[in-house]
Structure formats: C-alpha cells, structure tokens
Amino acid sequence: MLNKHIDKPVSVLLMSIAVLCGLILLLVLSFLVKEAWPAINDGAWRSFLVDDAWYPLEGLFGISPMILASLAMTVGAILLALPLGVSSAIFLVFYAPAPVGSVYRLMLNLLAGIPSVIYGLWGLTKLVPLIVQWQAPGVSLLAAILVLTLMILPTVALTSAAALTAVPQELIAGAAALGLTRKSQILLVLIPAAKTGIISGVLLAVARALGETMAVLMVAGNVVQNPTSLFAPVRALTANIALEMAYATGTHRAGLFASGLLLTLLVLLLAWLASRLRSQAQRG
Amino acid sequence: MKKNVLCLCALLCFSVQQGAMASSDRLRLTGSSTVAPLILEMAKMYEKEHDGVRIDVQTGGSSRGVNDARLGLADIGMASRELKPSEQDLKPYTIAMDGIGIILHRSNPVTALSQRQITAIYKGNIHNWREVGGEDLPITVVNKAEGHSTLELFLKYFSLKNSQIKAHVVIGDNQQGIKTVAGNPGAIGYVSVGTAQYEEGRGTAIKQLPMGGYAATVANVQNGFFPLSRPLNLVVKGEPSPLAMRFIKFAQSDAVHGLIKAQFFVPVGPL
C-alpha cells in the first residue's frame with residue numbers, strides 16, 4: 001500500500017515526460033506538413049512523381065530518381081554490411097580469444113562513434129580518387145555504398161553480437177548434446193534463434209543509412225538521375241535537402257520540406273517494423 | 001554541415017523572432033550565405049566598438065535577402081549579386097567583390113578555354129580533353145546545386161539554363177568543389193577566385209583558367225577586368241534607419257578590409 005503512494009507522483013512525472021517526448025514527434029511532423037503544404041496540396045504532389053527532372057527554379061519537381069538513389073544506396077550498403085557484420089559477430093561471440101574479442105569490440109564501438117562527416121571527408125579525399133583511376137567521375141553510387149557500409153557495419157555487428165549472446169544456454173547445450181559440430185551449431189541453431197535480433201539491428205542500420213546526409217553528400221556526386229550504374233553519380237533525398245535548403249524560397253523550399261516529410265515517414269515505417277518484430281519475438 | 005544546421009535553426013527561430021525587432025539598437029540582416037560569414041565578422045567587430053548594439057545575421061540566399069529587405073522583415077538584406085531590373089525599388093551598397101574562376105586539376109595541360117568551349121563542355125557536347133587540346137581523358141563536369149548564387153552568375157555569363165548542363169558531380173560549397181577537382185585529373189569546376197587562389201597557393205592540386213584574356217586573380221577582380229565577377233551587396237528599401245546606415249558605412253570603410261581579405265573576397269576601390 002505504502003509503495004503505491006510513493007510511486008504515484010513518480011509515475012505521473014514520468015508519464016508527463018514521456019508524453020512530452022511523444023509530442024515532440026507530433027510537433028516535428030506537423031511542422032513538416034505545414035511547411036510542405038504548398039507543394040503537396042491540391043494534387044500538387046503529383047508533380048513529384050510525374051515530372052521527369054528536378055529543376056525547381058524551372059518548375060520541375062521530379063523526386064523519384066532521388067528516392068530510387070536513396071533506396072539503392074541503402075540496399076547496397078545492407079547487402080555488404082549484413083554478411084560482414086554477422087560474420088564479425090560470430091567471430092566475436094564464439095571464436096575470438098577474450099583479449100582479441102574485447103579489443104575488437106572496442107574497435108567496433110569506436111567505428112560506430114566516428115562522426116559521419118569524417119567518413120565523408122575520407123571518402124572524398126581517399127576513396128573517390130581511387131575509383132576515379134578505375135572509372136570517372138569517382139563520386140558515385142559505389143562510393144556512397146562503400147562509405148555507408150563502413151558506417152552501418154558496427155551497428156549490424158554489435159546488435160547481432162548482442163542477439164547471439166542472448167540465445168539461451170540450453171539451446172547451445174542441446175545442440176552440442178546432439179553431437180552437432182560447432183559450425184552446424186552456429187548455422188542451424190544459433191543464427192535462427194537470434195534471427196529477430198539480427199533483423200531488428202538491420203532495420204536500425206537501414207534507418208541510419210537512409211537518413212545519412214553529410215557523408216553521402218560528399219561522395220555520391222549529387223546528380224539527380226536514376227541509379228542505372230554503380231559508377232554513376234546520384235543524389236540522395238537527404239543530400240538534396242542539405243544542398244538546397246539554405247538557398248531555397250517559395251515552392252522550391254516547400255518541395256524540399258515535402259521530401260523531408262517523405263523521408264521521415266519512411267524512417268518511421270522502419271522503426272514501426274523493427275518494434276513489431278521485437279514484440280513478435282518476445283511473444284514467440 | 002555546421003552551416004546547414006545553423007540555417008535550419010535560423011529557419012526554426014525565424015517565425016518566433018519575427019515579431020520582436022525594430023528597437024533602435026538592434027539590427028537584423030538576412031540573405032546570401034556567401035555574404036553572411038563576412039557580415040558576421042563585421043558585426044562582431046561593430047558590436048565590440050559600439051556598446052549595446054545587437055546585430056542578428058541569418059542566411060537564406062540572396063533572394064531571401066531581397067525579399068526580407070523589401071517586406072521589412074530585415075533592416076538590411078544581403079545579396080551576392082547585382083539587383084535585377086525587377087528589384088530597382090531597393091538600393092544596393094557594394095561592400096566587396098567576388099570573382100568566379102574556372103578550375104582544373106593541376107596536372108591538366110590545358111591552359112585556356114574559350115567561352116564557347118566551356119559552354120560546350122558544360123552542355124555535354126565535348127566529352128574528352130583531347131577535343132580541346134588536352135590529353136585523352138574523359139571530362140568530369142562539376143556543377144553547383146540549384147539556388148546558389150555562384151550557379152546563377154555562371155549560368156547568366158554563359159547564357160545557359162541549369163537543365164541544359166550535363167553535370168557529373170553537383171556540389172554545395174567552394175571547399176567541396178575544390179576537393180572534388182583536386183581528386184580528379186579530368187575535372188572542371190568553378191569556385192570563388194579568392195578561395196581558389198588561396199588553395200592554389202597552399203599547393204592544392206588545382207589551377208585556375210584565365211577568362212576573357214585576364215588571369216583569375218584577386219587583383220583583376222578588384223580592378224574590374226575579370227569578366228566573371230559579382231558584387232557583394234547590402235540592400236535596403238527606402239531610407240535606412242540611422243543605425244543601419246552607420247553599419248553600412250562601417251562595412252564599406254577601410255577598417256574592414258582585413259576581414260574581407262581574410263575571407264578571400266576583394267575590397268572595393270583603389271588597391
């Protein structure tokens with residue numbers, strides 16, 4: 001009884017803080033909608049899909065090449081980061097001797113903490129000149145994918161490692177008792193058991209890759225066109241906002257806010273998917 | 001990035017602050033992001049010398065500077081270009097000059113390009129340096145993102161529309177342009193003359209091309225010979241407030257020449 005009395009003010013306080021945090025999301029969304037309104041009301045949003053190019057000052061607002069570019073970068077980066085990240089996690093959890101493992105874990109944490117602009121700078125001054133020697137202009141979808149891979153690799157590796165560590169000991173013991181080799185234990189028992197954790201880590205990484213701005217802006221070349229080749233320069237939605245927002249007025253500005261709204265909705269969708277997966281895993 | 005964040009913050013704060021201004025010791029300037037860093041330094045100096053004066057500087061492009069000055073949202077607008085015929089209701093005060101220079105990679109043997117060649121390169125009609133007397137190397141065209149006043153000036157000078165340009169790389173600021181060209185032997189781009197001259201002097205792997213027979217140097221921008229140049233203007237509508245007028249006079253005085261040169265712009269008037 002006594003506990004409940006003490007808890008009450010605390011729970012009210014915590015609840016109001018939580019509501020406040022939730023309200024901020026609503027505020028941001030309504031702000032985006034308000035600013036984007038001139039570009040999306042009265043069917044004006046159709047020009048985003050119908051126009052075949054992005055020249056806002058000439059009245060053309062086609063953003064589909066940028067959506068495709070953002071998706072291509074993200075998918076490419078995930079395709080590279082997933083096998084690398086999961087292998088790192090397996091090494092970390094099952095094979096690495098304790099001192100190596102802790103150094104490796106520290107390195108992954110550091111990698112996760114490097115500001116994105118540093119990755120961008122490295123990409124622009126080291127990676128891009130390398131690609132130029134192979135295929136001009138160097139700044140390209142490929143450069144963006146490689147830089148993004150580096151950035152999301154620690155997320156994938158660390159969440160996968162956490163998921164693998166959380167697999168119940170009985171499962172491992174059971175697998176061992178059945179006479180499975182280490183390799184089969186990992187491939188057939190542990191990875192399936194840790195699947196949900198790994199996937200939700202991947203979704204986090206996808207959200208980070210989609211939202212990444214500065215590094216992508218520096219290495220992707222920023223030409224608005226469909227990503228038809230790995231060596232073609234492309235522009236991501238985020239880079240578009242950062243490149244033009246400071247200078248945009250009128251419908252141009254509203255168009256940029258509309259692409260920001262779209263991006264936010266995409267990331268929210270991913271977050272929702274991730275949380276659904278997690279609750280499913282808890283129930284199952 | 002910091003600049004972009006600042007701009008976003010400025011946008012967010014904008015609606016809040018709009019009501020509270022126009023007191024006699026507060027000055028508000030908005031506009032060109034080329035002019036803003038320079039004005040920011042001048043404002044710091046001015047605030048130090050005049051107690052109690054507060055100067056707000058916000059970016060948002062030359063067009064916003066013109067609009068805000070016209071609507072009275074700012075005391076002074078900043079514009080990194082000449083006023084258009086439709087903007088003659090405003091009065092410009094030139095505080096400095098800026099030139100735009102064509103830059104190539106240092107290893108590129110091409111030493112000059114005609115206006116027609118540059119236009120053809122940017123339109124994608126010339127693909128290889130071989131066609132203009134250089135090596136057998138594909139050309140990488142570096143263009144600026146839409147809305148930048150550098151792009152506007154470039155397009156106007158070469159009578160191009162942005163949609164005609166076949167760019168391989170689109171960049172935001174001068175530094176990104178310089179790094180992009182320095183990292184690609186086949187690249188051609190355009191950036192502020194002052195920045196390019198400084199980077200060239202530091203040994204960055206770029207070189208500037210002459211325009212219309214004049215070398216791209218700060219001196220040629222200052223004496224007005226360099227064709228691809230623009231004024232950095234403060235614009236006001238009607239009679240500026242006494243404080244605004246004092247600040248404009250300050251921004252045109254010799255006292256700020258050091259600040260102007262430190263940002264690689266060119267002071268107006270005799271050398």
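This is a short viewer tour of a predicted model, starting with chain A as a whole and then moving to its rings and those of chain B.

**Stop one: chain A from a distance**

Select chain A and switch to cartoon. You should find 12 helices and two strands. Following the chain from its start, you pass two helices, then the two strands, and after that it is helices to the end: α-α-β-β-α-α-α-α-α-α-α-α-α-α. Lined up on the principal axes, the C-alpha atoms take up a box of roughly 70 × 65 × 30 Å.

Now put a surface on chain A. About 14,400 Å² is exposed, and carbon and sulfur atoms supply 71% of that. Of the 284 residues here, 46% are buried. If you like contact maps, take the contacts in chain A with a separation of 6 or more: 72% of them join residues 24 or more positions apart.

Colour by charge next. Chain A carries 15 positive and 9 negative charges, and the mean positions of the two sets are 16 Å apart.

**Stop two: the rings**

Show the aromatic side chains everywhere. How many aromatic pairs are there over all chains? The count is 14.

Zoom in on A:F31 and A:F257. Their ring centres are 5.6 Å apart and the planes meet at 85°, so this pair is edge-to-face. A:F31 belongs to helix α1 (residues 2-40) and A:F257 to helix α12 (residues 250-283), so the pair ties together parts that are 226 residues apart in sequence. Buried or partly exposed: which is A:F257? With a relative accessible area of 6%, A:F257 is buried, while A:F31, at 27%, counts as partly exposed.

Hop over to chain B and pick B:Y214 and B:F225. This pair is stacked, at 5.2 Å centre to centre with 20° between the planes. B:Y214 sits in the loop between β8 (206-208) and α8 (218-222), and B:F225 in the loop between α8 and β9 (229-237), so the parts tied together are 11 residues apart in sequence. B:Y214 is partly exposed at 34% relative accessible area, and B:F225 is also partly exposed, at 44%.

Stay in chain B and select B:Y122, B:F154, B:Y157, B:F158 and B:Y190 together: ring pairs link them into a cluster.

**Last stop: charges over rings**

Back in chain A, show A:R182 with A:Y95. The arginine lies over the face of the tyrosine, 5.7 Å from the ring centre. For a chain B example, select B:K91 and B:Y93: here the lysine lies over the ring face, at 5.0 Å from its centre.

Note on methods:
Residues are numbered from 1 along each chain as its sequence is written. Chains are lettered from A and ligands numbered from 1 in the order in which they are written. This is a predicted model: local features need pLDDT of at least 70, side-chain atom pairs count only at pLDDT 80 or more; totals for chains, interfaces and linings use all residues. Side-chain values use heavy atoms; hydrogens and water are left out. Helices (H or I, at least four residues) and strands (E, at least two) are DSSP runs, numbered from the N terminus. Buried means under 20% relative accessible area, exposed over 50%, partly exposed in between (1.4 Å probe, protein chains only). Contact means heavy atoms within 4.5 Å. Accessible areas come from the Shrake-Rupley method with a 1.4 Å probe; for residues, only the protein chains shown count as cover. Lys and Arg count as positive and Asp and Glu as negative; His and the chain ends are not counted. The place of a charge is taken as NZ of Lys, CZ of Arg, CG of Asp or CD of Glu. Rings of Phe, Tyr and Trp (its six-membered ring) pair if their centres lie within 6.5 Å; planes under 30 degrees apart count as stacked, over 60 as edge-to-face and the rest as tilted. A charge sits over a ring if NZ of Lys or CZ of Arg is within 6 Å of the ring centre and within 35 degrees of the ring normal.
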